[in-house]
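The following exercises invite the reader to work through one protein chain step by step. Each task is followed by a worked solution.

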Amino acid sequence: MISVKNCAFSYDKKPFISDVSFEVGKGEIFGFLGPSGAGKSTLQKILIGLLKDYRGSVQVFGKEVKNQKDDYYERIGIDFEFPSFYEKLTAEENLKFFSSLYKNKPRNFDSLLDRIGLLRDKDKKVSSYSKGMKSRLNFIKSLVHNPDILFLDEPTSGLDPSNSRIMKDMILDEKRDGKSIILTTHNMQDAAELCDRVAFIVDGHVKAMDSPHNLIMKKGAGTISYSYMENGKEIKSECPVNESGKDEKLKKLISEGKLLTIHSTEPDLGDIFMEVTGRGLN
């Protein structure tokens, strides 16, 4: 669906993106992860055709993006981080207008709005919507023409946990329907939960690329923390997961049934990002 080879881009004489290469298959969620200003949004703008003065090859649907025609936008859906609507129109009127710009038959508005929790508010003017409501409506707008590829920029930003969960479930449903999804985010929890593969991007370069699970496992196992009573006091100890069989104290406590607590802790994707890049996400 997407093939990028040695992509480079500059806003001025100084390189901003350099030698970026990756591919995205059908039904895959691919994440761009990195701090603000790393080049994530610029890569997305190249992929959707807003920035055409790039070097290298960027092909979507087997055709160079800079050579795509207007029908390209019939097959992609875009959810920018900052929603854009006609605020004097209602939510339903906005969806009707934007869907009218496409040749594809629109999906059922009520069904989408009901799923995202906005059905009862569909006749309200968007100007009365909260930031989270606008964010959810913006996501629905990207789906109305049933595109083959979705470009999502911080889709859960500003959402409470409940609505964030609903949106992530809908994103996974779109994946199951065969859509390819590019997810741009600095939310490592979203990336770990949603993405089949991720690319760590810092200063316009890809520092690492793999599945979240493989990136974590390549950096070694986590630790086992446990506690037990000794001489009337609670004692806490830990050992590496891959060396737990060598911990004689732990084995003895297990065999005697004297453990108070035991749990494992593994590095998360944010920990791996900092280790690989030496950078945080802010």
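**Exercise 1. The hairpins**

Task: Determine which residue in the turn of the hairpin formed by β11 and β12 has a positive phi.

Solution. The structure is a predicted model. In the hairpin of β11 and β12, 2 residues lie between the strands, and asparagine 231 in the turn has a positive phi of about 55°. The strands on either side, β11 (residues 223-230) and β12 (residues 233-240), run antiparallel and are joined by 8 bridges. Beside the turn, glutamate 230 has lysine 233 in β12 as its bridge partner.

A second hairpin may be treated in the same manner. Strand β4 pairs with strand β5 (residues 63-64) in the antiparallel sense, over 2 bridges. Here valine 60 stands opposite lysine 63 in β5. This hairpin has 2 residues between its strands, and phenylalanine 61 takes a positive phi near 60°.

Strand β4 (residues 55-60) also has a partner in strand β1 (residues 2-9); these two run antiparallel and are joined by 5 bridges. Within that pairing, valine 4 has valine 58 as its bridge partner.

**Exercise 2. The open sheet**

Task: State the order in which the 6 strands of the open sheet are arranged, and identify its edge strands.

Solution. The order is β6-β7-β8-β3-β9-β10, and the pairing is mixed. The edges are β6 (76-79) and β10 (205-210), each of which pairs on one side only. On average, neighbouring strands of this sheet are turned by 15° against each other, with direction ignored.

One pair inside the sheet can be examined further. Strand β3 (residues 29-33) and strand β9 (residues 197-202) are paired in the parallel sense, with 4 bridges. Phenylalanine 30 stands opposite arginine 197 in β9. As background, strands of a sheet pair through backbone hydrogen bonds, either parallel or antiparallel.

**Exercise 3. A buried charge**

Task: Establish what surrounds aspartate 79 and which side chain of opposite charge is nearest to aspartate 79.

Solution. Begin with the location: aspartate 79 is found in strand β6, an edge strand of the open sheet. Next, consider its charge. Aspartate 79 is buried but has no salt bridge. The nearest side chain of opposite charge is that of lysine 141, 7.4 Å away, whereas a salt bridge requires the nitrogen and oxygen atoms to be within 4 Å.

The side chain of aspartate 79 does make a polar contact, at 2.7 Å, with the side chain of asparagine 138. Finally, with neighbours within four places in sequence left aside, the residues in contact with aspartate 79 include Asn138, Phe139, Ser142, Phe151 and Pro155.

**Exercise 4. Salt bridges**

Task: For the salt bridges of glutamate 92 with lysine 122 and of arginine 165 with glutamate 193, decide whether the partners are buried or partly exposed.

Solution. The structure holds 19 salt bridges. In general, side chains of opposite charge can pair when their charged atoms come close.

Glutamate 92 and lysine 122 meet through their side chains at 3.6 Å, N to O. The pair links distant parts of the chain, 30 residues apart: glutamate 92 is in helix α2 (residues 91-99), and lysine 122 is in the loop between α3 (109-116) and α4 (131-143). The cut-off for buried is under 20% relative accessible area. Glutamate 92, at 18%, is therefore buried, and lysine 122, at 16%, likewise counts as buried.

For arginine 165 and glutamate 193, the closest N and O atoms are 2.2 Å apart. This pair also links distant parts of the chain, with arginine 165 in helix α5 (residues 161-176) and glutamate 193 in helix α6 (residues 188-194), 28 residues apart. Arginine 165 has 31% relative accessibility and so counts as partly exposed; glutamate 193, at 33%, also counts as partly exposed. Both belong to a network of salt bridges that links Arg165, Lys168, Asp169, Asp190 and Glu193.

A further salt bridge joins the side chains of glutamate 256 and lysine 258 at 3.5 Å, N to O. Glutamate 256 counts as partly exposed, at 38% relative accessibility.

**Exercise 5. The whole chain**

Task: State how many helices and strands the chain has, and what share of its residues is buried.

Solution. The chain has 9 helices and 13 strands. Of its 282 residues, 48% are buried. Along the principal axes, the C-alpha atoms fill a box of roughly 75 × 50 × 30 Å. Among contacts between residues at least 6 apart in sequence, 65% join residues at least 24 apart.

Technical notes: Residues numbered from 1 in each chain as written. Predicted model: local features only at pLDDT ≥ 70, side-chain atom pairs only at ≥ 80, totals over all residues. Heavy atoms only, no water. Pairing = 2+ DSSP bridges. Axes fitted to C-alpha atoms, helices over the stretch in contact; angles between N-to-C directions. Buried < 20%, exposed > 50% of the residue type's maximum accessible area, 1.4 Å probe, protein only. Lys, Arg positive; Asp, Glu negative; His and termini not counted. Polar contact = N/O pair within 3.5 Å; in protein donor to acceptor, adjacent residues only side chain to side chain. Contact = heavy atoms within 4.5 Å.
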